[in-house]
Amino acid sequence: MTDGVPATDRAGAPPFAMTGGVVRRDGREVLSGVDLRVGAGDVLAILGPNGAGKSTLVKALLGLVPLAAGRTEIYGEPPARFRGWRRVGYVPQRLPMGGGVPSTVREVVASGRIARRSRWLPALVTDRAADRAAVDRALEAVGLAGRARDSAHLLSGGQQQRVLIARALAGEPDVFVMDEPTAGVDAASQAALAATLRGLADAGRTVVLVAHELGPLEPLITRTVELEHGRVARESARDMTGRMTGSTAGSAAGSAA
Ligand SMILES: Nc1ncnc2c1ncn2[C@@H]1O[C@H](COP(=O)(O)OP(=O)(O)OP(=O)(O)O)[C@@H](O)[C@H]1O
């Protein structure tokens with residue numbers, strides 16, 4: 001293994017592939033047999049009403065909640081065996097409150113570099129310079145370069161969301177998973193997110209995001225999957241003319257990639 005990327009990654013395996021995914025919470029099925037393949041370069045929005053299972057689906061894709069039945073793989077490996085975490089950037093719904101120690105914006109964003117570190121070797125001077133440059137780029141990309149020394153917990157909800165996005169950007173992953181990046185976020189932060197996503201999409205990165213409404217993100221989305229009561233109710237993909245088409249009820253969500 002080099003730099004956290006295992007030699008066993010299966011060439012050509014998609015970022016995510018779930019088959020018949022079932023999740024139970026408190027004895028209740030909250031995901032009921034979801035099939036979802038996310039291809040490299042997809043910018044996929046997971047839509048649906050409150051409680052439909054959107055957050056549960058992204059957490060299950062990442063192995064953060066276990067499947068009661070079915071199977072899911074990240075780049076061809078079940079989450080428990082997957083070792084290429086530097087390839088995956090996760091943006092949770094909100095900044096977890098730390099144990100009383102306030103972190104600066106820069107410290108939170110710099111933590112996004114940790115998965116890139118070798119577990120065995122101390123960071124080289126060149127690595128540290130690359131870390132600093134990546135953190136600077138990430139802060140710049142979300143418009144928070146001027147807030148680097150501020151306490152992250154004192155920022156607005158929208159700015160905290162941008163800090164979390166910058167943390168994922170700093171890790172320079174291949175795939176971004178964002179849980180409601182636009183929820184309760186001010187217009188300036190939504191515009192900053194749309195610009196950031198445009199850059200990621202243009203660079204061929206894969207994005208999976210949960211949203212209630214797409215708003216300014218809509219033109220960037222290449223596929224949608226809509227959940228209802230833990231099942232895929234509808235899905236669509238952008239066709240050659242740029243229109244979203246192909247919504248179907250109850251069928252498997254496949255990627256053209
Ligand atoms: N830790 C948990 N324990 C028990 N039930 C849970 C847990 N997490 C989620 N659920 C339940 O699972 C269902 C799906 O929740 P989930 O958060 O995935 O939905 P969602 O579509 O993301 O909703 P929202 O848009 O409100 O965030 C809901 O009924 C929720 O109450």
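1. A definition to start with: angles under 35 degrees count as roughly parallel, over 145 as roughly antiparallel, 65 to 115 as roughly perpendicular and the rest as oblique. Axes are lines fitted to C-alpha atoms, for helices over the stretch in contact, and angles run from 0 to 180 degrees between N-to-C directions.

2. Please keep in mind that this is a predicted model, in which local features need pLDDT of at least 70, side-chain atom pairs count only at pLDDT 80 or more, and totals for chains, interfaces and linings use all residues. Residues are numbered from 1 along each chain as its sequence is written.

3. Now the helix pair. The axes of helix H4 (residues 157-170) and helix H5 (residues 187-202) come within 9 Å and cross at roughly 20°; H4 and H5 are therefore roughly parallel to each other. Helices here are DSSP runs of H or I with at least four residues, strands are E runs of at least two, and both are numbered from the N terminus.

4. The crossing of H4 over H5 is left-handed (the near helix is turned anticlockwise from the far one by less than a right angle; clockwise would be right-handed). H4 brings Gly158, Gln159, Gln161, Arg162 and Ile165 to the contact, and H5 brings Ser189, Ala192, Leu193 and Thr196 (C-beta atoms, placed from the backbone, lie within 7 Å). By class, the contact residues are three nonpolar, five polar and one charged. Ala, Val, Leu, Ile, Met, Phe, Trp, Tyr, Cys and Pro count as nonpolar, Asp, Glu, Lys and Arg as charged, and the others, Gly among them, as polar.

5. On to the ligand. Its shell includes Arg25, Asp26, Val30, Gly48 and Asn50, together with the run Gly51, Ala52, Gly53, Lys54, Ser55 and Thr56 (C-beta, placed from the backbone, within 6 Å). Helix H1 (residues 54-61) gives the largest share, three residues. The shell divides into two nonpolar, six polar and three charged residues.

6. One open sheet has three strands in the order S2-S1-S4, with antiparallel pairing (strands pair if DSSP finds at least two bridges between them). Strand S2 (28-38) and strand S4 (69-74) are its edges, each pairing on one side only. Neighbouring strands of this sheet are turned by 25° against each other on average, direction ignored.

7. Within that sheet, S1 and S2 share eight bridges, and Met18 stands opposite Leu36 in S2. The two strands form a hairpin with two residues between them, where Asp26 in the turn has a positive phi of about 50°. Strand S1 (residues 16-25) is joined to S4 by five bridges; there, Thr19 has Arg71 as its bridge partner.

8. A further open sheet of seven strands runs S5-S6-S7-S3-S8-S9-S10, with mixed pairing. Strand S5 (88-91) and strand S10 (244-245) each have a single partner strand, so one side of each is left without a neighbour in the sheet. Strand S9 (residues 231-238) pairs with S10 in the antiparallel sense over two bridges, and Arg238 is partnered by Met244 in S10.

Note on methods:
Two residues are in contact if their C-beta atoms, placed from the backbone, lie within 7 Å.
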